[in-house]
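Please work through the following exercises with the sequence and the model at hand. Each task is followed by a solution in steps.

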Amino acid sequence: MAFAVIDYGAEHNLLWVTAIDATGEIWCAPNPKVRMQKNWSLGRPAPAMGDPKLPAELKAI
């Protein structure tokens, strides 16, 4: 779950401050690595991880 965003300006990716539920760890993830999850209450479907436009490192996640 992301609970904060750090924005260093136009020349940098946003950094998402995230809490990892499984381990309790706090990590900062750059914007290209962050993905939404399925949320049925908002009508958001599961992400299409097979999308050919995604970078190879994201397809493996």
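**Exercise 1. The nonpolar surface patch**

Determine which residues form a nonpolar patch on the surface, and state the accessible area of these residues together.

Step 1. The patch consists of Met-1, Phe-3 and Ile-26, with about 360 Å² of accessible area together. Patches are made of residues with over 30% relative accessible area and no salt bridge, like charges being joined within 9 Å and nonpolar side chains (Val, Leu, Ile, Met, Phe, Trp, Tyr) within 5 Å. A salt bridge is a side-chain nitrogen of Lys or Arg within 4 Å of a carboxyl oxygen of Asp or Glu. Accessible areas come from the Shrake-Rupley method with a 1.4 Å probe, and for residues only the protein chains shown count as cover.

Step 2. The model is predicted: local features need pLDDT of at least 70 and side-chain atom pairs count only at pLDDT 80 or more, whereas totals for chains, interfaces and linings use all residues. Residues are numbered from 1 along each chain as its sequence is written, and side-chain values use heavy atoms, with hydrogens and water left out.

Step 3. Phe-3 belongs to strand β1 (residues 2-6). Helices (H or I, at least four residues) and strands (E, at least two) are DSSP runs, numbered from the N terminus. Phe-3 counts as partly exposed because its relative accessibility is 48%; buried means under 20% relative accessible area, exposed over 50%, and partly exposed in between (1.4 Å probe, protein chains only).

**Exercise 2. The sheet**

Establish the strand order of the open sheet, and find the edge strands.

Step 1. The protein has one helix and three strands, and its elements run β-β-β-α from the N terminus on.

Step 2. The three strands form an open sheet in the order β1-β2-β3, with antiparallel pairing. Its edge strands are β1 and β3 (26-30), each of which pairs on one side only. Neighbouring strands of the sheet are turned by 25 degrees against each other on average, direction ignored; the axes are lines fitted to C-alpha atoms, for helices over the stretch in contact, and angles run from 0 to 180 degrees between N-to-C directions.

Step 3. Two strands pair if DSSP finds at least two bridges between them. Four bridges join β1 to the antiparallel strand β2 (residues 15-19), and five bridges join β2 to β3, which also run antiparallel. Strands of a sheet pair through backbone hydrogen bonds, either parallel or antiparallel.

Step 4. Trp-16 in β2 stands opposite Val-5, and its bridge partner in β3 is Ala-29. Val-17 stands opposite Cys-28 in β3.

Step 5. The hairpin of β2 and β3 has six residues between the strands, and Gly-24 takes a positive phi near 80 degrees there.

**Exercise 3. Residues of β1 and β2**

Is Thr-18 buried or partly exposed, and which residues does Thr-18 touch, not counting those up to four places away in sequence?

Step 1. Thr-18 lies in strand β2. Thr-18 is buried because its relative accessible area is 13%.

Step 2. Under the sequence limit stated in the task, Thr-18 touches Met-1, Ala-2, Phe-3, Glu-25, Ile-26 and Trp-27. Contact means heavy atoms within 4.5 Å.

Step 3. Consider next Val-5, a residue of strand β1. Val-5 counts as partly exposed because its relative accessibility is 42%. Leaving aside its neighbours within four places in sequence, Val-5 is in contact with Leu-14, Leu-15 and Trp-16. The C-alpha atoms of Val-5 and Thr-18 are separated by 8.9 Å, the two residues being 13 residues apart along the chain.

Step 4. Ala-4 is also placed in strand β1. Its 29% relative accessibility is why Ala-4 counts as partly exposed. Not counting residues up to four places away in sequence, Ala-4 touches Leu-15, Trp-16 and Val-17.

**Exercise 4. The loop and the chain totals**

Locate Arg-44, and list its contacts beyond its neighbours within four places in sequence.

Step 1. Arg-44 is in the loop between β3 and α1 (56-59). Arg-44 is partly exposed because its relative accessible area is 27%.

Step 2. With those neighbours left aside, Arg-44 is in contact with Met-36, Gln-37, Lys-38 and Asn-39.

Step 3. Of the 61 residues of the protein, 8% count as buried. The protein exposes about 5100 Å², of which carbon and sulfur atoms supply 61%.
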